[in-house]
Every structure is written in C-alpha cells, then in structure tokens.
Amino acid sequence: MTPQQEILDSIPHRPPFLLVDTIVERTEASIVCEKTFTADEYFFAGHYPDFPLVPGVLLCEAAMQAGAILLAAFVDETHKAPVATRMNDVRFKRMVRPGETVRIEIELTERLADAFFMKAKVTVEGKQAVRFEFACALAEKN
C-alpha cells in the first residue's frame with residue numbers, strides 16, 4: 001500500500017480538500033503528518049492574492065484530518081466516521097505561505113467512549129504556526 005493510499009483509506013477527504021500529503025510517524029496515541037502547500041492551491045487565488053497565505057482555518061482542518069487518520073484505528077469504517085465537535089484555545093503564531101511544508105503533530109490525550117480529545121501543533125521549519133486542542137466524536141454514517 002502506498003503512503004497516499006493509506007491516507008485515502010483512513011479518511012473520506014479527497015482533493016482539493018485533502019490537506020495531508022504524508023504520514024511521517026504514528027503510534028497508538030500520536031501521529032505526525034506533513035503537507036506542502038503548493039502555489040497552485042485553489043484558495044491562494046482569492047485569499048490575499050497579492051500576499052498569498054494559507055487560511056488559518058485550513059491549517060486547523062489539516063490538523064483535524066491528521067487526527068482523523070490517527071482515529072481510523074478506532075473506527076469501524078463501515079458504520080462510523082470521526083467528526084469535529086470543538087476547538088479550544090486556538091493560537092495562530094506564524095503565517096504559512098505558498099511552497100512551505102507544515103509538520104502536523106497530533107496527540108490523543110483522552111478517550112471517553114466515542115469521544116476523542118486531542119492536541120494539535122502545526123510548525124514550519126520548527127517554528128509554530130498554530131496550536132490548539134480539539135475533540136472528535138464518532139458519528140454514524142448515513
């Protein structure tokens with residue numbers, strides 16, 4: 001199985017809204033992924049076109065997608081999918097520009113039945129771009 005196929009098998013997201021390129025490492029309670037934002041990403045045309053930036057909400061989405069990949073091990077693929085239920089203490093620290101690669105680190109801090117609580121840190125070249133805590137619940141697929 002290719003690394004990209006492992007991602008596609010883990011979450012329902014697809015291009016152009018798939019925001020994880022590779023899984024760097026994984027344990028039962030953590031995952032590290034990367035995403036390179038190329039200059040031809042669809043959102044750069046309209047998000048500060050004279051000074052293109054990755055929207056902060058998409059950095060958060062990339063982290064939550066990495067979290068969903070981590071949670072794939074806990075999910076019955078045919079019946080449930082992880083959905084975000086909250087984000088807490090979101091802190092944006094650094095802009096992300098076209099051509100930069102983000103490192104996404106997710107730590108599973110607690111599980112209560114079908115609710116999962118995680119911490120996210122997104123960095124570029126070792127400098128923090130965003131950090132936050134979030135929760136996901138397993139929801140029935142229709």
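A pocket, as the word is used here, is an open set of grid points with protein on both sides within 12 Å along at least five of seven lines. I start with that term because the pocket comes up early in this talk. The model on the screen is a predicted one.

The largest pocket has a volume of about 150 Å³. Its lining is made up of 13 residues. Nearest the centre of the pocket are Asp-9, Ser-10, Ile-11, Pro-12 and Lys-141. Two elements, helix H1 at 3-10 and strand S3 at 80-92, each give at least two residues to that lining. Sorted by class, the lining has seven nonpolar residues, five charged ones and one polar one.

Now the chain as a whole. The protein chain has two helices and six strands. From start to end of the sequence, the order is α-β-β-α-β-β-β-β. Along the principal axes, the C-alpha trace spans about 45 × 30 × 30 Å. For 142 residues, a compact globule would have a radius of gyration near 14 Å, and the chain has 15 Å, so the two agree.

Next, charges. Side chains of opposite charge can pair when their charged atoms come close. There are ten salt bridges in the structure. One of them joins the side chains of Lys-80 and Asp-114, at 2.6 Å from N to O. Lys-80 belongs to strand S3, while Asp-114 sits in the loop between strand S4 (101-112) and strand S5 (115-124), so this pair ties together parts 34 residues apart in sequence.

That same loop, between S4 and S5, also holds Ala-113. Ala-113 is not a glycine, yet its phi is positive, about 55 degrees. As background, most residues other than glycine have a negative phi, and most peptide bonds are trans.

Which other residue has a positive phi of about 55 degrees although it is not a glycine? That is Tyr-48. Tyr-48 lies in the loop between strand S2 (30-36) and helix H2 (56-71). Tyr-48 also belongs to a nonpolar patch on the surface, together with Phe-51 and Met-95. Together these three residues have about 330 Å² of accessible area.

One peptide bond also needs a mention. Pro-15 and Pro-16 are joined by a cis peptide bond, with omega of about 10 degrees. Pro-16 is placed in the loop between H1 and strand S1 (22-26).

To go back over the places to look at: the pocket, with Asp-9 and Lys-141 among the residues nearest its centre; the salt bridge between Lys-80 and Asp-114; the surface patch with Tyr-48; and the cis bond at Pro-15 and Pro-16.

Technical notes: Residues numbered from 1 in each chain as written. Predicted model: local features only at pLDDT ≥ 70, side-chain atom pairs only at ≥ 80, totals over all residues. Heavy atoms only, no water. 1 Å grid on protein atoms, 1.4 Å probe; cavity = no way out; pocket = protein on both sides within 12 Å on 5 of 7 lines; lining within 4 Å. Points joined across faces, edges and corners; volume = space filled by probe spheres on them. Helix = DSSP H or I, 4+ residues; strand = E, 2+ residues; numbered from the N terminus. Nonpolar A, V, L, I, M, F, W, Y, C, P; charged D, E, K, R; others polar. Patch = residues over 30% accessible without salt bridge, like charges linked within 9 Å, V, L, I, M, F, W, Y side chains within 5 Å. Areas by Shrake-Rupley, 256 points an atom, 1.4 Å probe, with all protein chains shown as cover. Salt bridge = Lys/Arg side-chain N within 4 Å of Asp/Glu carboxyl O. Rg over C-alpha atoms; globule rule 2.2 N^0.38 Å.
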